[in-house]
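Me: I am new to this structure and would like a close look at a single part of it, the surroundings of the ligand. Please take me through them carefully.

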Amino acid sequence: MTKPVILTGDRTTGPLHIGHYAGSLANRLAYQDSHEQFLLLADTQALTDNAHNPEKVRRSVMEVALDYLAVGIDPTRTTICLQSHLPALAELSMLYLNFVTVSRLERNPTIKDEIRTRGFGRDIPAGFLCYPAAQAADITAFKATVVPVGDDQAPLIEQTNEIVRRINSTANRKVLPEAVAVIPKAGRLPGIDGKAKMSKSGGNAIPLSASPDQISAAVKAMFTDPNHLRVEDPGQVEGNVVFAYLDAFDEDKNAVEELTAKYQRGGLGDGVVKKRLDGILQELLAPIRTRRAQLSKDPAYVLDVIRKGTEIARDRTNATKREVVEHLGLFRL
Ligand code: ATP
Ligand code: MG
């Protein structure tokens, strides 16, 4: 029996953070046996808002690959591949751009949001505006039906499926399957500064590779309830980053419930809650850090994993591209 295919990936804009862990890595680990899984090191997508800094995009390829391996992605069960070395993705992107309008791209809630936070104003790189079509190419080139992502990405999967339906209707047959976004219960992890999303580019992240001191410093600096001035004051947990992280990472749900109630009543200081969170994050990240340090001593191995995975992915994506070109009825030589 063939397993359902999963495609996800990460922009190579820096090392991955605990938001990635809660938002998608944990799911990806869980799917390694039940699904055929591809992980895309999305360097061409990273370039859509980093064209001025290709060095960062290049360097981050190894960083993200190290993070994958360090959290337990097993290259014998999951294929890790590099976007810029899969020409079929670029070719499919060009085809798909004819099946989406500029106004639809501009209305995509994820894109709208990202344009605002990146402060592009009217100077939006064309590649950035069009990356939903490129992402549709990534997903469909692998014929992925399952896409585990953070909730900020859901509109992109919707847009992918719109393109899929147009292609299928033009081809008059089901050339490509639609995909389902799998969004974890934890949803979107806020940044340590209280902003709605922890992100590599936002300077508000705790990287998976953080040292014990960096973790403690980040927890200390974490945004809580600015009106919770004295221990006996009632505190607010909505928008309180420490509680958002406890919800995401503390496995003892009863304890979190009790702490939450006590904090809301008054009588629980930020320091106590932060200490608990610090312990939990230290425990979560220690084995990842150790494994990452070991792996980073052997870059040739990591490179080999990426090379082999990219080769496998190249065959797969080329086959889909040929099918799409054929069924769209383009000229055949
Ligand atoms: P950048 O700031 O460069 O865009 P990023 O931190 O947003 O980086 P991406 O590579 O864009 O990371 O996202 C990769 C995947 O991780 C996506 O599925 C995204 O939804 C998920 N993700 C990223 N940040 C978070 C977060 N804070 N909480 C939950 N999921 C997240
Ligand atoms: Mg992002």
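Reply: What follows describes the surroundings of ligand 1. This is a predicted model, in which local features need pLDDT of at least 70 and side-chain atom pairs count only at pLDDT 80 or more, while totals for chains, interfaces and linings use all residues. Residues are numbered from 1 along each chain as its sequence is written, ligands are numbered from 1 in the order in which they are written, and side-chain values use heavy atoms, with hydrogens and water left out.

Around ligand 1 there are 22 residues (each with a heavy atom within 4 Å of it), and those that come nearest are Thr 13, Asp 152, Lys 197, Lys 200 and Ser 201. By class, this shell has 12 polar, seven charged and three nonpolar residues, where Asp, Glu, Lys and Arg count as charged, Ala, Val, Leu, Ile, Met, Phe, Trp, Tyr, Cys and Pro as nonpolar, and the others, Gly among them, as polar. Helix α1 (18-30) and strand β1 (5-11) each supply at least two residues of the shell, and α1 gives the most, with four; helices (H or I, at least four residues) and strands (E, at least two) are DSSP runs, numbered from the N terminus.

Turning to individual atoms, the side chain of Asp 152 has an N or O atom 2.6 Å from an oxygen atom of ligand 1, and the side chain of Ser 199 has one 3.0 Å from an oxygen atom of the ligand, whereas at Met 198 a backbone N or O atom lies 2.9 Å from a ligand nitrogen atom. The protein buries 96% of the 600 Å² that ligand 1 exposes when taken alone (accessible areas from the Shrake-Rupley method with a 1.4 Å probe).

Notes:
A polar contact is a pair of N or O atoms within 3.5 Å; within protein, one must be able to donate a hydrogen and the other to accept it, and residues adjacent in sequence count only if both atoms are side-chain atoms.
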